[in-house]
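Trainee: I'd like a close look at one part of this chain. Please pick a piece that touches a lot of the rest and walk me through it, residue by residue where that helps.

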Amino acid sequence: MKSTMTEKQKVKKIEERFELIKMKYPEMAHARLEWSNRMTATLGRAWPNRINGHHLIKLSLPYLRLNEYAETEETLLHEAAHCIADTRHKARCMHDRRWKAVCVEIGCRPQRCAPPDVKRPPRCARRRTYSRRMTLWAKVIRYIKAGKIK
């Protein structure tokens with residue numbers, strides 16, 4: 001069944017859910033939620049304790065557009081679990097048992113990745129290419145190894 005919610009409705013509902021999480025869990029009191037149009041490789045990202053316990057959660061707008069509200073809500077809970085677990089244990093919990101326990105507590109799947117049926121946006125067609133710039137010393141060392149300089 002196709003969702004009838006618009007993007008704005010989904011964003012508003014996710015932001016309301018985020019405010020409820022902030023009220024329920026004191027670890028999230030100073031958290032911020034941001035949206036990204038550039039995130040096409042991941043559904044969301046959490047930066048726990050970024051600055052003095054102020055967490056940052058970024059969610060992907062391309063994934064929000066392609067998927068149902070429930071999947072974006074699940075991502076929000078997943079990222080919030082990172083922030084809560086890291087604050088409680090004063091360490092990066094990643095996807096370990098402590099993080100999984102928080103997932104169960106807040107009501108999300110304790111899984112590292114989204115299910116395979118989640119629609120993924122196409123990656124950016126233009127890939128960045130990085131050229132390796134040599135420093136002067138790297139060039140000198142190359143010449144010495146090649147026997148051009150003694």
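Mentor: Let's start with Thr-75, which counts as buried because its relative accessibility is 8%, under the 20% cut-off. Bear in mind throughout that this is a predicted model. Thr-75 sits in helix 3, and helix 3 is the part I'd like to stay with. If you skip the neighbours within four places in sequence, Thr-75 still touches Leu-43, Gly-44 and Leu-59.

Now move along to Cys-83, another residue of helix 3. Cys-83 has a relative accessibility of 0%, so it counts as buried too. Again leaving out anything within four places in sequence, the contacts of Cys-83 are Met-28, Ala-46, Pro-48, His-55 and Ile-57. Have a look at Glu-27 as well: 56 residues separate Glu-27 from Cys-83 in sequence, yet their C-alpha atoms are 7.5 Å apart in space.

Glu-73 is also in helix 3, and it takes us towards helix 1. Beyond its neighbours within four places in sequence, Glu-73 makes contact with Ile-14 and Arg-17. Measure off Glu-15 in your viewer while you're there: from Glu-73 to Glu-15 is 58 residues in sequence, but 9.6 Å from C-alpha to C-alpha.

That brings us to how whole helices go together. Two packed helices are described by the angle between their axes and the distance between those axes. For helix 1 and helix 3, the angle is about 30° and the axes are 10 Å apart. The two helices are therefore roughly parallel to each other, since angles under 35 degrees fall in that class. Their crossing is right-handed. On the helix 1 side, the contact uses Lys-10, Lys-13, Ile-14, Arg-17, Phe-18 and Ile-21. On the helix 3 side, you'll find Tyr-69, Thr-72, Glu-73, Leu-76, Leu-77 and Ala-80. Sort the residues of this contact by class and you get 7 nonpolar, 1 polar and 4 charged. Glu-73, whose contacts we just looked at, is one of the helix 3 residues in that list.

Next, turn to helix 4, residues 97-106. Helix 3, which covers residues 69-89, packs against helix 4 at an angle of about 125°, and here the axes are 9 Å apart. That angle makes helix 3 oblique to helix 4. The crossing is right-handed here as well. From helix 3, the contact takes in Leu-77, His-78, Ala-81, His-82, Ile-84, Ala-85, Arg-88 and His-89. Helix 4 brings Arg-98, Trp-99, Val-102, Cys-103, Glu-105 and Ile-106. By class, the contact of helix 3 with helix 4 has 8 nonpolar, 3 polar and 3 charged residues. Keep an eye on Leu-77: it belongs to the contact with helix 1 and also to the contact with helix 4.

Between those two helices there's a loop worth a pause. Most residues other than glycine have a negative phi. Lys-90, in the loop between helix 3 and helix 4, has a positive phi of about 50° although it isn't a glycine. Lys-90 counts as exposed because its relative accessible area is 75%, over the 50% cut-off. Met-94 is in the loop between helix 3 and helix 4 too, and its phi is also positive, near 50°. With 44% relative accessibility, Met-94 counts as partly exposed.

Now zoom out and put helix 3 in its setting. The chain has 5 helices and 3 strands, and along the sequence they follow the pattern α-β-β-β-α-α-α-α. Of the 150 residues in the chain, 35% are buried. Take the contacts with a sequence separation of 6 or more: 55% of them join residues 24 or more positions apart.

Finally, how far should you trust the picture? The chain averages a pLDDT of 87, and 88% of the residues score at least 70. Among the elements of the chain, helix 1, residues 7-24, has the highest mean pLDDT at 97. The lowest mean, 75, belongs to helix 5, residues 136-145. Go carefully over residues 125-131, where pLDDT stays under 50 and the model has 1 contact beyond four places in sequence.

Conventions. Residues are numbered from 1 along each chain as its sequence is written. This is a predicted model: local features need pLDDT of at least 70, side-chain atom pairs count only at pLDDT 80 or more; totals for chains, interfaces and linings use all residues. Side-chain values use heavy atoms; hydrogens and water are left out. pLDDT is the predictor's confidence in each residue, from 0 to 100. Helices (H or I, at least four residues) and strands (E, at least two) are DSSP runs, numbered from the N terminus. Contact means heavy atoms within 4.5 Å. Axes are lines fitted to C-alpha atoms, for helices over the stretch in contact, and angles run from 0 to 180 degrees between N-to-C directions. Angles under 35 degrees count as roughly parallel, over 145 as roughly antiparallel, 65 to 115 as roughly perpendicular and the rest as oblique. A crossing is left-handed if the near helix is turned anticlockwise from the far one by less than a right angle, and right-handed if clockwise. Ala, Val, Leu, Ile, Met, Phe, Trp, Tyr, Cys and Pro count as nonpolar, Asp, Glu, Lys and Arg as charged, and the others, Gly among them, as polar. Buried means under 20% relative accessible area, exposed over 50%, partly exposed in between (1.4 Å probe, protein chains only).
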